[in-house]
Amino acid sequence: MKRETLIGLIYLIVCLLFTALGGYPLYLQRQHHPIPVEKVFGKRHMLSDWASWLKGSRGDTDVFILEGSESGGAILILGGTHPDEPASFVSSLIALNTIQVEKGRVFIIPRANASGFTATEPGEGHPAFYTIPLPNGNQMKIQFGSRLTNPLDQWPTPDVQPHKPSGQLLSVKDLRNLNRCFPGDSCGLFTERVAAGITKLIRDEKIGLTIDLHEASLEYPVINALVAHEKGLEIASEALLELEMEDLHYSFEPSPKKLRGLTHRELGDHTETVPFLIETANVAQGRLRGRTTHEMITKGIDAAYFKAVATGLLKVPYDQNGIPLEVRCGRHLSAVIQLTHAYNLAHPSEKILFTGLPTYTELTQSSVGEYLK
Amino acid sequence: MIALLLMLAIFGLLTFWLKLPRGIALFLSGVLGTFIGGYGLAFRDWVEGMFVFFDPILIVCTALLFLKSLEQSGTLGFLRNLLLHYTAKSPAAFLLAMVFFLMLPGAMTGLSSAAVLTTGALAAPLFIERGLTVKKTGALIALLAIFGMIAPPINLPVMMLANGVDMPFIGFEKSLLMLTLPPALITAFGMAYGPLLRYKKTYGTLLHTDTKDRFTFSQWLSLFPLLMVSVYILVIRLFPNFIHDIGVPAVFLFGTLLSIPFIPSSKRLETFQLAYRSSLPVIAILVGIGVFLQTLALIGARGDLVVSTLLLPLPLLPIGAAIVMPFFGALSAFGSATVLGVPILLAMLGKNEIVVGAALSLFAGLGDMMPPTALAGTFAAEVVGEKNYLALIRPALPYIAIGLVWGLLVLWNAGFVSQLLGMVQ
């Protein structure tokens, strides 16, 4: 055998080895895992029940409807718009496990961008999964996911394309970001089709209140914040006052009119719903973070961010205790409760009443796992 | 930070001592980095890292294929003669045309490599034949391609920066033009005006011979694929609302298909083989950088680097950015924009964010000329036939410095610049 052939053969074997050993975990990651809840109080649907164009596609996702005995208004809780923001998904899971609706309907989409849960962003070094300890000693395994749609589901993506309908130019990354693609386009790119599905659900079900749960890195200015469309200003002020009473501080951010494609802008402009977006602080998605571990994701502890306190750039207080999921989910769920109360005050004929959702205080005094059993 | 230094040391050792190709050396440094960081056999991360630059890899492969097709079909030679024929009387006019010509593909695609590999390859012989050294020609092509990449309408690093701080990609055009045109003109005239003027004085014209008589109909026809590709790229950028962007690689493939009838049938297979051979080392570099970046993030070294940069006092942060961002840009201009650019921009909130973001994108972009990878330099070396890409860096250094200083001046005076350009924020 010639020397070149031998070298070529060795390279080929090494390549195959890498493909197999690296590809298998990526293949497992690409699977859609069932929503990890044992018992759901409501009905389980798919988004394609409203948006037929998503039927059979990897953009189709679970929609849970929890109905009260009395008719009333409707609220949509959006989790997992950005899958790499764990408190968003976990909060919606807690809601699914605990909420008991008395009046009206509660819609929960835990994985708004289901495709994004099946990949991590190359170059970020994120783990494929993280675990949450449960009281029975087991671990709940959750896909970490990417901020963006899996490129295997949307590829190729144009380098630049105008947002529909505003015409604002979106870059290749924006076009895979669900929270830049609203109100969506049923004939557009994969992510636009998912956004269009959610928008259609909101229209068809006459959702009065939409709450999109997010997280942001600690240096990002819009953090521990409530972002509101102009038609929700009154509700936001009322809710923020109530949250202050619980000693929970949120900065208030009006939805910018020039930044297109976001839930709090487009859903407000193009549907009847009153949209809000809530941000908590997540070290695992920041660029200042050290190694991304399960602990960092669930407990929010990171030595690099602790060192970064000295830069004065962090927008939230940070110490060695970190910012655990209990704090982040607690903030989300307390805000959901208070926004719903405020919505009820503003819309007495479309009241939504529910119980069981843990508050910030309850969550921080126990553990997230307690509410996921 | 120790992990990062160790990885760089391994890279240096593998490249300069064991003489391994840079792509392989970067890949192995990334692989060994996971052991340094305590992750051991991180196959998933290594493979994921290989895909960081998947789209740019496709652009490079298809651009090279298209370029080789144009070369084999004789289109490049014809176009070279054509350009020269109409700008031969004035070195200044010739240079201005070349600045526009060399910056255009980068401005349209947001990629310096696309510019170097297309118009760069077309322009290289023109400069070399007229007295510019091979090294200076390569440096000039690479630098103008980088300034083109940063120039409007498409600047991918600034789009990524804007995305990182939730800022719409609007209103950047004026500041990007202001940042790129002056250094581009200084670079072009500084490097090439002297030799061109001397050539003109000696021969009375920039032309070697009268080429016009040799322009035949079939040669004009061979411009068709290039024309179609240029028009398509231009149209999708200028009218994105009406024309669907099928992606730069698809456009280049389309152009290649169109150019096949113009290539002599005996040369067709050779064309593909040449393109394959040229693109393989570049693919290796991009794959290697991806693995290196993935490891940096995985083991936390990236965070260390960013925090250390941000620990600089705020007044010194722009200088820090002008030093660290190009160096990180050596691994990836896009990586530099997102990893370092976003936190630095957030640290400078309060100045005009559009001007600051534009300046930071210039710093990141100039990383394409920095060793160890120097992507634009590497491609330019290939285009001009220089084996050692490092030879191109030396003549480029004063102009890189001019670009950085100009960027710094704009950054420091962001408020004044925004007023000057009539930008209201």
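Two strands pair if DSSP finds at least two bridges between them. Keep that in mind as you walk through this predicted model.

**Stop 1: strand β9 of chain A**

Select residues 209-216 of chain A, which form strand β9. β9(A) and strand β12 (residues 274-281) of chain A pair in the parallel sense over eight bridges. Add β12(A) to your selection and look for Asp212(A), which stands opposite Leu277(A).

Now bring in strand β3, residues 70-78 of chain A, which also runs parallel to β9(A) and pairs with it over four bridges. Here Asp212(A) turns up again, as the bridge partner of Leu78(A).

Is β9(A) mostly covered or mostly open? Mostly covered: eight of its eight residues are buried. Side chains in a regular strand alternate between the two faces of the sheet. Try colouring the two sides of β9(A) separately: Leu209(A), Ile211(A), Leu213(A) and Glu215(A) lie on one side, with Thr210(A), Asp212(A), His214(A) and Ala216(A) on the other, and both faces are covered.

**Stop 2: strands β10 and β11 of chain A**

Next, select residues 225-228 of chain A, strand β10. Both of its faces are covered too, with Ala225(A) and Val227(A) buried on one side and Leu226(A) and Ala228(A) buried on the other. Then add residues 251-254, strand β11 of chain A, which runs parallel to β10(A) and is joined to it by four bridges. To find one of these links, show Ala228(A) and its bridge partner in β11(A), Pro254(A).

**Stop 3: a helix crossing in chain B**

Move to chain B and select helix α7 (residues 112-129) together with helix α19 (residues 375-384). Their axes come within 9 Å and cross at roughly 40°, which makes α7(B) oblique to α19(B). The crossing is right-handed.

Which residues of the two helices make the contact? Among them are Val116(B), Leu117(B), Ala121(B) and Ile128(B) from α7(B), and Leu375(B), Phe379(B) and Val383(B) from α19(B). By class, this contact has eleven nonpolar, three polar and no charged residues.

**Stop 4: where the chains meet**

Finally, show both chains: their contact takes 40 residues from chain A and 44 residues from chain B. On the side of chain A that touches chain B, α1 (3-30), β7 (160-162), β8 (169-171) and α7 (303-308) each supply at least two residues. Start with α1(A), which gives the most, with six residues. Colour this side of chain A by class and you will find 19 nonpolar, eleven polar and ten charged residues.

Note on methods:
Residues are numbered from 1 along each chain as its sequence is written. Chains are lettered from A and ligands numbered from 1 in the order in which they are written. This is a predicted model: local features need pLDDT of at least 70, side-chain atom pairs count only at pLDDT 80 or more; totals for chains, interfaces and linings use all residues. Two residues are in contact if their C-beta atoms, placed from the backbone, lie within 7 Å. Ala, Val, Leu, Ile, Met, Phe, Trp, Tyr, Cys and Pro count as nonpolar, Asp, Glu, Lys and Arg as charged, and the others, Gly among them, as polar. Axes are lines fitted to C-alpha atoms, for helices over the stretch in contact, and angles run from 0 to 180 degrees between N-to-C directions. Angles under 35 degrees count as roughly parallel, over 145 as roughly antiparallel, 65 to 115 as roughly perpendicular and the rest as oblique. A crossing is left-handed if the near helix is turned anticlockwise from the far one by less than a right angle, and right-handed if clockwise. A residue is buried if 20 or more other C-beta atoms lie within 10 Å of its own, exposed if 12 or fewer, and partly exposed in between; C-beta atoms are placed from the backbone.
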